[in-house]
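Student: I would like to learn how to read a structure of this kind, one feature at a time. Could we look at it together?

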Amino acid sequence: MLSLDKLESYTREFGEQFIAPITENVDKEGRFPKEAYEALRQKGFMGLLVPKEYGGLGGTCLEHAKICFHLGSFDASTALCYMMHNCATSCIVNFGSQKMKEEFLPKIAKGEAALALAYSESGSGTHFGSPEISETKSGSKRILKGRKSFVTGALNADFYLTYTNSCVKTGAKNNWLVSSKLEKLHHEIQNWNGFGMRGNSSMPVQYNDVELDESLRVGEEGDGENHAGLVVMYFVAGLAAVYSGLGSAAFANVLAHTKNRKYTNQQAKALSDIELVRIHLAEIYTKVESSKALTFEGARSFVNNEADAAAKIFASRINATNNVIELCTLAMRLGGGKAYAKFLPLERYLRDALASQVMAPSLDILKIWLGDALAK
């Protein structure tokens, strides 16, 4: 089973056994990586952030980033769906009532409850901190009405962490744990036909007067913006890690290709013997290591509550996004005809990489956040 002292090596072994065999098929069919997700449940990954007293591993944002990095090197979609679970779990761990923690955290630790985020809405786009979904009170119950536009991993998670407008405190927000099985929760089931990240299984979800017991509200009434601030840190750090891992996979693949691509009747015995190719490999490697280092540094600074933690995390995602697009593009050039004919997975890596710039919060929004963090 997963343990913190063997975190990275175990995750690599897990990826080889459970993710690598299905990745190509998941991309071709545009289907959710169910086999890998179920294995993540069974092998203890869902309890990474759950405190030890509830049966979890007691991991931090740094361990979160490390696992997302290694999962991302096998399949960015699997890593993304797992990352969403951790983000929602962090909210319960840090803000849930004692009753909520006692009820849900042991189930999460055992893999019996997997979570997803229901934050994005069509009306707010990448500004998912501005929901339109409404609440009303009905006795001791709360009624949710509205629509979430992209719920990644929908129907494969047991609960959605749902961000709403409080009907009790004007202008305030709430987070709710909403069972994905509720009758009045309508999934607009459709094939997720993304350009990249084709295993996400994202779909719109309608909340058609969904009735909830108020015990399913996370934390205090109207405290949702504080929750979202924490969720964003795990989310952005996780995305930086996923795309850093994707970049490392692209480098490993193109390096092997250039070493194995042999010439006949040429002075160079292999593609990698050519000086210009080596210059390109050096550039790709530098981008990979830069992304990884800043991602882990941002997560470490957040764990230690350092003053510049938010700036580093925002910067790590910006850096990872720019780097992975550039290095995958360059890797395609080095892959040549084999890459463009899809004999190499570099074309898939590039498609997945391009998704990173639009995934909420988008690259442009992150630059605004970073500028604000630096200037305040």
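Student: At roughly what angle do the axes of helix α1 and helix α4 cross?

Tutor: Please keep in mind that this is a predicted model. The axes of helix α1, residues 7-19, and helix α4, residues 61-72, cross at roughly 30 degrees and come within 9 Å. The crossing of α1 and α4 is right-handed.

Student: Which residues of α1 and α4 meet?

Tutor: From α1 the contact takes in L7, E8, T11, R12, F14 and I19, and these meet E63, K66, I67, H70 and L71 in α4. Sorted by character, the residues of this contact of α1 with α4 divide into five nonpolar, two polar and four charged.

Student: Let us turn to the sheets. How do strands of a sheet pair?

Tutor: The general idea is that strands of a sheet pair through backbone hydrogen bonds, and that the pairing is either parallel or antiparallel. In this model, an open sheet of three strands has mixed pairing and the order β1-β4-β5. Its edge strands, each of which pairs on one side only, are β1 (115-118) and β5 (173-179). From one strand to the next, the twist averages 25 degrees.

Student: How many bridges join β4 to β5, and which way do they run?

Tutor: Strand β4, residues 159-165, is joined to β5 by seven bridges, and the two strands run antiparallel. To find one place along this pair, look at T162, which stands opposite W176 in β5.

Student: Which helix lies across β1, β4 and β5?

Tutor: That is helix α5, residues 76-95, which runs at about 90 degrees to β1 as it lies across β1, β4 and β5.

Student: Is S179 buried or exposed?

Tutor: S179 is found in strand β5, and S179 counts as buried because its relative accessibility is 19%, while the cut-off for buried is under 20%. Sequence distance and spatial distance can be read side by side here, since S179 and F159 are 20 residues apart in sequence but 4.4 Å apart in space, C-alpha to C-alpha. When its neighbours within four places in sequence are left aside, S179 is in contact with D158, F159 and L185.

Student: What is the order of the strands in the sheet of four?

Tutor: The four strands form an open sheet in the order β2-β3-β7-β6, and the pairing is antiparallel. The edge strands are β2 and β6 (185-187), each pairing on one side only, and the twist averages 15 degrees from one strand to the next.

Student: How many bridges join β2 to β3, and which residue in β3 is the bridge partner of T136?

Tutor: Five bridges join strand β2, residues 134-138, to strand β3, residues 141-151, and these strands run antiparallel. The bridge partner of T136 is I143 in β3, and E135 has L144 in β3 as its bridge partner. In the hairpin of β2 and β3, two residues stand between the strands, and G139 takes a positive phi near 65 degrees.

Student: Where do L155 and D209 lie, and what is the phi of each?

Tutor: L155 lies in the loop between β3 and β4, and its phi is near 75 degrees, a positive value in a residue other than glycine. L155 is partly exposed, with a relative accessible area of 41%. D209 is found in strand β7, residues 203-213, and the phi of D209, again a residue other than glycine, is positive, near 55 degrees. D209 is partly exposed as well, with a relative accessible area of 35%.

Student: Which peptide bond is cis, with omega near -10 degrees?

Tutor: It is the peptide bond from A360 to P361. To find P361 in the model, look in the loop between α10 (346-355) and α11 (363-375).

Student: Which residues touch the most other members of the largest nonpolar core?

Tutor: The largest nonpolar core has 120 residues, of which Y82, L117, Y160, Y207, I284 and L346 touch the most other members. Helix α7, residues 224-260, gives the most to this core, with 18 residues. As for L346, when its neighbours within four places in sequence are left aside, its contacts are A250, N253, V254, A331, M332, G335 and A339.

Terms used. Residues numbered from 1 in each chain as written. Predicted model: local features only at pLDDT ≥ 70, side-chain atom pairs only at ≥ 80, totals over all residues. Heavy atoms only, no water. Pairing = 2+ DSSP bridges. Axes fitted to C-alpha atoms, helices over the stretch in contact; angles between N-to-C directions. Contact = heavy atoms within 4.5 Å. Buried < 20%, exposed > 50% of the residue type's maximum accessible area, 1.4 Å probe, protein only. Left-handed = near helix turned anticlockwise from the far one by under 90°. Nonpolar A, V, L, I, M, F, W, Y, C, P; charged D, E, K, R; others polar. Core = buried A, V, L, I, M, F, W, Y, C linked by side-chain atoms within 4.5 Å.
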